[in-house]
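Open the structure in your viewer and keep the sequence panel beside it. The stops below are meant to be taken in order.

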Amino acid sequence: MTTHHPDLSTLMSYSAGSLPDAIATVVAAHLSLCDHCSCHVQEAEQIGISLLEQLEPTPMSAGAKDDILSMLGETTQAAEPAKPEPHVPDDADVPSPLRHLLGHYLDDLHWKTMAPGLKQFILPAAESNLRLLKIAPGTCMPSHGHTGSELTLVLRGSYSDELGRFCAGDVADLDPDIQHQPVADTHEGCICLIATDAPLRFNGLVPRLLQPFFQL
Amino acid sequence: MTDHDNRNGHTETPRSDHFASKSKMAPNNSITKTPDKLKQSLADLGRYRDKQTFALLYDFFAPRLKSHLMSKGAHGEMAEELVQETMLSVWKNCKSYDPDKSAASTWIFRIARNLWIDRLRKEKSNLLSPLDNYPESSFVPAMKEFDSAKIKSALKSLPQQQAQLVYKVYYEGKSHREISEDMDMPLGSVKSGLRLAFTKLRNQMGEV
């Protein structure tokens, strides 16, 4: 049962298509698990439609309509290949928006060790950072703040920090003024999907020096 | 809203003959523009694949989508290209449109949004990111009937700054961080302003 959700402002921007890529991915992964937030996204889409209706229409150029009408014939002829639904194993633990990139199982990924008890897997995203982080049981992340938005989705296990306890399916939607120091607090460790649209700000000197190596 | 639309209709929106003959039956043209009618047209298009029906939908949506994409920063030519791509995708995929699940404008808006995001990715980086942030199979909640007029009046009643935040999200496609830089506001205030605006808007949407 999820208790921590993305902020309404984040869901609103998601529906408008205005989130940085990586952050939108984390939202999409949460939505695949959370009907509650999916409803909010639908409401936010409705607001977008109302705003769209208020725009003055801009006339299309003269030949545009004829062009498209002449293309319709061609597209009907081309048989649409029926896309077979890919088979998803019941125990797949990679969130659906990432499956065609990562496959089905988190344990099959090539995790890179960053520090004792801390492994990561970096994902491609345009203009923002997206990574999976694996925190061994009892491991404490360095205390840090943020210079931009950070969105974290717990995929396995749980962690606790100053804001509470976050379990699988929960999202931490952090404002930049928040300092936190997450600790993995279950025996299986914790795997999170984390998106940032600006570098993290570490408080200690050592983590600050290591930052370039971690690509955080 | 109706006055506003009619004014545009008379001056700017190009129409086909088919459209014109229909509008004679309904003097204020609203017959072709109500959400129910649009929904019916899109469902019919999926069933009968009639080019006249497509032309009707095109006349209504293309100029609006063009404005929408231009406000997000697409220049005229690119906006027009994306409108064509969107409408072509409507033609190709309209069989999968389910009128019980979403309004026609919602469905078409989603296609345009996704094509716009794909385009941005291609422009902004060499890396064609294979992330699938708006999966089609995603959960679609039971359709609620929203009263567009209520949302519009609720938008008007927002404090100016909150309205500006909402416009930046929807019209300009700005991220929270970009808005905070644009408006010289802390990121936390951008988020709380949007949160307040959303809460007000959805409260009014829900009122029957």
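What percentage of the 208 residues in chain B is buried? Buried residues come to 36% of chain B. The model you are looking at is predicted.

**Stop 1: chain B as a whole.** Select chain B and colour by secondary structure. You will find 10 helices and zero strands, in the order α-α-α-α-α-α-α-α-α-α along the sequence. Consider also the contacts in chain B between residues at least 6 apart in sequence: 62% of these join residues at least 24 apart.

**Stop 2: one helix of chain B.** Select α5(B), residues 76–93. This helix of 18 residues spans 25 Å from first C-alpha to last, close to the 26 Å expected at 1.5 Å a residue. Now pick out its buried residues, among them B:L82, B:V83, B:M87, B:V90 and B:W91. Polar and charged side chains can be found in that buried set too: B:E80, B:Q84 and B:T86 are buried.

**Stop 3: where the chains meet.** Show chain A together with chain B. The contact draws 67 residues from chain B and 63 residues from chain A. On the chain B side, the helices that each supply at least two residues are α4 (51–71), α5 (76–93), α6 (104–124), α7 (148–156), α8 (160–170), α9 (176–183) and α10 (187–206). Of these, α4(B) gives the most, with 12 residues. By type, the chain B side has 32 nonpolar, 18 polar and 17 charged residues.

**Stop 4: a helix pair across the contact.** Select residues 35–54 of chain A, which form helix α3, and add α7(B). Their axes lie 9 Å apart and make an angle of about 80 degrees. Angles of 65 to 115 degrees count as roughly perpendicular, so α3(A) and α7(B) are roughly perpendicular to each other. Show side chains for A:Q46, A:I47, A:S50, A:E53 and A:Q54, which meet B:S148, B:I151, B:K152 and B:L155. The residues of this contact divide into three nonpolar, four polar and two charged.

**Stop 5: a strand in chain A.** Select residues 129–135 of chain A, strand β3. Is β3(A) mostly covered or mostly open? Six of its seven residues are buried, so the strand is mostly covered. Add strand β2 (residues 118–123), which pairs with β3(A) in the antiparallel sense over six bridges; there, A:L123 has A:L130 as its bridge partner. Then add strand β10 (residues 190–196), which is also antiparallel to β3(A), over seven bridges. In that pairing, A:L133 stands opposite A:C192.

Notes
Residues numbered from 1 in each chain as written. Chains lettered and ligands numbered in written order. Predicted model: local features only at pLDDT ≥ 70, side-chain atom pairs only at ≥ 80, totals over all residues. Contact = placed C-beta atoms within 7 Å. Helix = DSSP H or I, 4+ residues; strand = E, 2+ residues; numbered from the N terminus. Axes fitted to C-alpha atoms, helices over the stretch in contact; angles between N-to-C directions. Parallel < 35°, antiparallel > 145°, perpendicular 65-115°, else oblique. Buried ≥ 20, exposed ≤ 12 C-beta atoms within 10 Å, placed from the backbone. Pairing = 2+ DSSP bridges. Expected span 1.5 Å × (residues − 1).
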